[in-house]
Protein chains: 2
Amino acid sequence: MARLPIYLRALTVLVERGIGTCSSEDLATATGVNSAKLRKDLSYLGSYGTRGVGYDVDYLRYQIAREIGVTQDWPVVIVGIGNLGNALANYSGFRSRGFRVVALLDAAPERHDEAVAGLEVRPFDDLEEIVAAESVSIGVIATPAVAAQDVADRMVAAGVTSILNFAPTVLSVPEGVDVRKVDLSIELQILAYHEQRKAAPDADLGHATDQEVIA
Amino acid sequence: MARLPIYLRALTVLVERGIGTCSSEDLATATGVNSAKLRKDLSYLGSYGTRGVGYDVDYLRYQIAREIGVTQDWPVVIVGIGNLGNALANYSGFRSRGFRVVALLDAAPERHDEAVAGLEVRPFDDLEEIVAAESVSIGVIATPAVAAQDVADRMVAAGVTSILNFAPTVLSVPEGVDVRKVDLSIELQILAYHEQRKAAPDADLGHATDQEVIA
DNA sequence: AGGAGTTTGTGAACGGAAGAACAAAACGAG
DNA sequence: CTCGTTTTGTTCTTCCGTTCACAAACTCCT
Ligand SMILES: NC(=O)c1ccc[n+]([C@@H]2O[C@H](COP(=O)([O-])OP(=O)(O)OC[C@H]3O[C@@H](n4cnc5c(N)ncnc54)[C@H](O)[C@@H]3O)[C@@H](O)[C@H]2O)c1
Ligand SMILES: NC(=O)c1ccc[n+]([C@@H]2O[C@H](COP(=O)([O-])OP(=O)(O)OC[C@H]3O[C@@H](n4cnc5c(N)ncnc54)[C@H](O)[C@@H]3O)[C@@H](O)[C@H]2O)c1
């Protein structure tokens, strides 16, 4: 379920505040979801709450982390160390949430050996070697759109089975490989859509059909 | 509808290739959605297709752009010019899709007057002035999580009614203000979740959620 | 110990999206 | 002009996620 990471983050905040237990109502308001939905989500992983009391924050946190699979560290490779790739490489939030960037790859020779976030940028052709050596199963694509499909194919061939794609392209991958895409332009366009609706209260009054067949 | 931007992008590609008309089947495979769903989406904006022929690429593209509201340029401010803010400021894809970054704001004085992507980084306190002067209604938050809520409050007070939030926090905003969040850690965690399921075949198999399409 | 007050877990109702299927419309060939 | 082919627009059915509502279970206070 896609909401588990949100609960996990909220629980981490509660742990840091030294809060030992919380009700579904508390967690629900903290994460912005309906409390019934939250309880149903949690009950899906088992009965980890106590009626009349709530949930043990630490215990629930561990259970969710275990369910998601972030009790272990996942090695990750990032391909395309441009504007976005640099930002990602420097992002500390990955590390603290169970992901370890093991390599930065780029096709452009002028980027090689450059140090980014304590890692050197390596040639894209080292992909297979690195994936095999570090048992990498998750790859991040931050290359231009035209290169994304090629990079994805190489990743899949090398053994990567999950891809996070920042390039604005639809990737085609074989069965068994998961792709998630993050497209910032789309996010902005969705905002613009709602924004336009706010400005024009007359909304879509029946886009009336303009043509009638004449007999 | 959240799929319109995807159709728009696919149509833009078709335009660039000089293709004049396309069927719902074509667009569906190009975007990775079901053709019936796509037709239903398009029919929601009106009857812009011709039975037996398909859709006029240029015309449909314009209609979708108009529906989304990207026939005009939307001014955007970015707050928090760190790793991520820099990448966003340098991203050309916003401009080409109907968004214009009008200002880069940061609270840290040492960043001020620095030039990023042809714009100078200005003090966060200039927010209200800029929003008013440029009629900005869309703001992007790329600050650390602790500052995000404050920034959002200031944005809302200044007149921003749509926020794209990259900080891993749940923002609370008044009615009428739209917030979309992009949380990269969550995306990775969802991948890790599926990845773990692949490795452990005892879990509930099934639900193959991937996009399979030919490019 | 018992009752009052909480809070979980879940059965049932609801809503809306997704897919299958088909009739209506356009076009081209003969 | 008519028929066959293609493809849209839409209806109908199915399914999944959300929400409501409530009994069961636990704590605390008297
Ligand atoms: N910068 C942003 O904020 C932003 C926002 C949204 C989406 N994106 C998308 O993310 C992607 C990267 O954006 P960017 O701004 O970092 O671009 P960029 O041009 O700065 O960086 C791209 C990098 O990929 C490398 N590259 C190119 N082809 C490659 C290949 N075949 N194999 C390996 N590496 C290759 C290039 O050498 C370059 O270093 C683009 O698809 C862009 O549309 C970026
Ligand atoms: N870097 C990434 O790839 C990445 C990935 C996912 C999420 N994020 C999130 O995006 C946000 C920014 O990440 P980053 O790596 O760019 O961080 P960063 O520390 O590099 O940059 C943050 C910037 O925000 C500025 N800032 C701090 N408080 C401010 C305030 N109150 N008003 C205005 N500006 C303020 C700082 O001066 C700094 O320049 C964080 O919340 C992070 O969790 C970043």
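## Close-up views of ligand 1 and DNA strand D

By class, 18 nonpolar, four polar and two charged residues form the shell around ligand 1. All views show a predicted model.

**View 1. Ligand 1 sits in a site shared between chains.** The site is shared because residues from chains A and B surround ligand 1. The residues around ligand 1 number 24. The closest are N83(A), L84(A), D106(A), R111(A) and T143(A).

**View 2. Oxygen atoms of ligand 1 meet polar atoms of chains A and B.** In chain A, the side chain of D106(A) places an N or O atom 2.5 Å from an oxygen atom of ligand 1. L84(A) contributes through its backbone: a polar atom there is 2.8 Å from a ligand 1 oxygen. In chain B, a polar backbone atom of A87(B) lies 3.1 Å from an oxygen atom of ligand 1. On its own, ligand 1 has 820 Å² of accessible area, and the protein covers 83% of it.

**View 3. Helices of chains A and B contribute to the shell around ligand 1.** Chain A supplies two or more residues from each of α5 (83-89) and α8 (145-158). Chain B does so from α5 (83-90). The largest share comes from α8(A), with three residues.

**View 4. The protein surface near DNA strand D draws on chains A and B.** Around DNA strand D there are 24 residues. K40(A), R51(A), S24(B), R51(B) and Y55(B) are the closest. Of the strand D atoms that come within 4 Å of the protein, 66% belong to sugar and phosphate. By class, this surface has eleven polar, eight charged and five nonpolar residues.

**View 5. Base and backbone contacts along DNA strand D.** The side chain of R51(A) has a polar atom 2.9 Å from a base nitrogen of DNA strand D. From chain B, the K40(B) side chain has an N or O atom 3.3 Å from a base oxygen of the strand. G52(B) uses its backbone instead: an N or O atom there lies 3.1 Å from a sugar or linking oxygen of DNA strand D.

**View 6. Helices and strands at the surface near DNA strand D.** Chain A offers α3 (35-45), and chain B offers α3 (35-45), β2 (49-50) and β3 (54-56). Each of these elements supplies at least two residues. Which element gives the largest share of this surface? The answer is α3(A), with four residues.

Key. Residues numbered from 1 in each chain as written. Chains lettered and ligands numbered in written order. Predicted model: local features only at pLDDT ≥ 70, side-chain atom pairs only at ≥ 80, totals over all residues. Heavy atoms only, no water. Near = heavy atom within 4 Å. Polar contact = N/O pair within 3.5 Å; in protein donor to acceptor, adjacent residues only side chain to side chain. Nonpolar A, V, L, I, M, F, W, Y, C, P; charged D, E, K, R; others polar. Areas by Shrake-Rupley, 256 points an atom, 1.4 Å probe, with all protein chains shown as cover.
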